[in-house]
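Work through the exercises below with the coordinates open. Each task is followed by a solution in steps.

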Amino acid sequence: MASVTIQAVRKNFGETAVLHGVDIDIADGSFTVLVGPSGCGKSTLLRMIAGLEEITSGEIRIGSKRVNDVLPKERDIAMVFQNYALYPHMTVRQNLAFSLMLAKKDKATIEQKVGRAAEILALSALMDRYPRQLSGGQRQRVAMGRAIVRDPQVFLYDEPLSNLDAKLRVAMRSELKELHQRLKTTSVYVTHDQIEAMTMGDRIVVMKDGRIEQVGSPLDLYDHPTNVFVAGFIGSPAMNFLPATLKRSGGDAHLVLDDGSRIAAPLGSGGTDGQPVVLGTRPEHLQLAREGGIASKVVVLEPTGADTLIACRHGSTDMAAVFRERHDFAPGSTIHLMPDLARAHLFDAGSGVRLAA
């Protein structure tokens, strides 16, 4: 196992800059997720760690070794791709053993490592099948097994679950997390799915336009987003954002919404009197009130059994609220929503940065 250190890494494709000086420290044995929208540079960064893309400038270290100019096969990493990359003419056993055979390992070592990987991933009964005879989840397990037998210092995952259906993705998330807990191998995982990021990662690196927006634990990013982008990207359903003006008078701080209504400012928020701001409140942190609060017109009700999701609208701003209780509001009716001020956020309207006292 080894840590991965990324220092001031930049990547240009011709005149186009894709990564703008990225710095990340990935701890030995951790499971770090790179997450962000398509085109943010996360897969490019992963391929640079693997040695599949050249670095324009900066430095990447695996353990204490600088690997900028080291060939991929000499970096002691194993990569799992979204398209499985299995050899169709080889059985599961042969796919698992192939890299060890190339490395000229002896037969006993190959049998021992392949057997261990098959046992860990519940593949023992499938060893004589070909990839075409396997389900998507089984193929992905074989791809992971092929990485495990190499016993690498670092696992690199490039959106490995994106080709699976929704139910299988949920099951494979648990399998991958359990696998990491057993092997304790440093893992770097790329996804655009923030639910995957939240449920799997020890640390999450949120990226946008080739830059890092925030790094932290899943709950750190959920509870303390550094800006509007992170706040809106992490969490499902997404955070609600309401434009407002901050008013301060003595020790009192309140917000004036677009329709002229007033609500208290979130606890511990900064900002100056008259400043244009954005109130951020998560759908699950809204409560029903008899009057006052945020007057919202009900658009759609979506009962899920465990929760009731209400899509509503305050003026021209779309909102969502999630309640554990069951409600049956008529579309077009008005409800009053009160944010939990201890868990709401205030952002500067111009920069999007969170305003903390």
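## Surface and charge

Glu53 is partly exposed, at a relative accessible area of 22% (buried is under 20%, exposed over 50%, partly exposed in between, with a 1.4 Å probe and protein chains only). This is a predicted model: local features need pLDDT of at least 70, side-chain atom pairs count only at pLDDT 80 or more, and totals for chains, interfaces and linings use all residues. Residues are numbered from 1 along each chain as its sequence is written, and side-chain values use heavy atoms, with hydrogens and water left out.

**Exercise 1.** Find the salt-bridge partner of Glu53 and classify its exposure.

Step 1. Apply the rule: a side-chain nitrogen of Lys or Arg within 4 Å of a carboxyl oxygen of Asp or Glu.
Step 2. The partner is Arg47, with N to O at 3.7 Å.
Step 3. Arg47 has a relative accessible area of 28%, so it is partly exposed.
Step 4. The rule gives a count of 10 salt bridges.

**Exercise 2.** Describe the salt bridge between Asp307 and Arg324, and locate both residues.

Step 1. The closest N and O atoms of Asp307 and Arg324 are 2.9 Å apart.
Step 2. This pair links distant parts of the chain, 17 residues apart. Asp307 sits in the loop between β16 (294-303) and β17 (308-314). Arg324 sits in the loop between β18 (317-323) and β19 (334-339). Helices (H or I, at least four residues) and strands (E, at least two) are DSSP runs, numbered from the N terminus.
Step 3. Asp307 is partly exposed at 23% relative accessible area, whereas Arg324 is exposed at 63%.

**Exercise 3.** Treat Arg313 and Asp318 likewise, then name the residues that shared partners join into one network.

Step 1. Arg313 and Asp318 form a salt bridge, with closest N and O atoms 2.7 Å apart.
Step 2. Arg313 is partly exposed at 37% relative accessibility. Asp318 is exposed, with 52%.
Step 3. Elsewhere, salt bridges with shared partners connect Glu59, Arg61, Arg66 and Asp69 in one network.

## A helix

**Exercise 4.** Check the length of helix α3, then sort its buried and exposed residues.

Step 1. The expected span is 1.5 Å times one less than the number of residues.
Step 2. Helix α3 (residues 107-120) has 14 residues, so it should span 20 Å. Its end C-alpha atoms are 20 Å apart, which agrees.
Step 3. Ile110, Val114, Ala117, Ala118 and Ile120 are buried in α3.
Step 4. Down the axis of α3, the buried residues fall within an arc of 165 degrees, so they line one face. The arc is taken from the directions from the helix axis to the C-beta atoms.
Step 5. Ala108, Glu111 and Glu119 are exposed on the other side of α3.
Step 6. The cover over the buried residues of α3 includes α2 (92-102), α4 (136-148) and α5 (166-183).

**Exercise 5.** Which residue caps the N-terminal end of α3, and what follows the helix?

Step 1. Asp106 is the cap: one of its side-chain oxygens lies 3.2 Å from the backbone nitrogen of Ala108.
Step 2. Ala122 follows α3, with a positive phi near 55 degrees.

## A buried arginine

**Exercise 6.** Where does Arg282 lie, and what surrounds it?

Step 1. Arg282 is in the loop between β14 (276-281) and β15 (286-289).
Step 2. Arg282 is buried but has no salt bridge; Glu284, the nearest side chain of opposite charge, is 5.0 Å away. Lys and Arg count as positive, Asp and Glu as negative; His and the chain ends are not counted.
Step 3. A polar side-chain atom of Arg282 lies 2.9 Å from the backbone oxygen of Ile234.
Step 4. Leaving aside neighbours within four places in sequence, the contacts of Arg282 (heavy atoms within 4.5 Å) include Leu221, Tyr222, Ala231, Gly235 and Met239.

## Backbone geometry

**Exercise 7.** Locate the cis peptide bond, and give the phi values of Ala8 and Asp76.

Step 1. Most residues other than glycine have a negative phi, and most peptide bonds are trans.
Step 2. The bond from Ser236 to Pro237 is cis, with omega near 0 degrees. Pro237 is in the loop between α8 (228-233) and β11 (240-249).
Step 3. Ala8, in strand β1 (residues 4-13), has a positive phi of about 50 degrees.
Step 4. Asp76 has a positive phi near 60 degrees, and lies in the loop between β5 (65-66) and β6 (77-80).

Terms used: A polar contact is a pair of N or O atoms within 3.5 Å; within protein, one must be able to donate a hydrogen and the other to accept it, and residues adjacent in sequence count only if both atoms are side-chain atoms.
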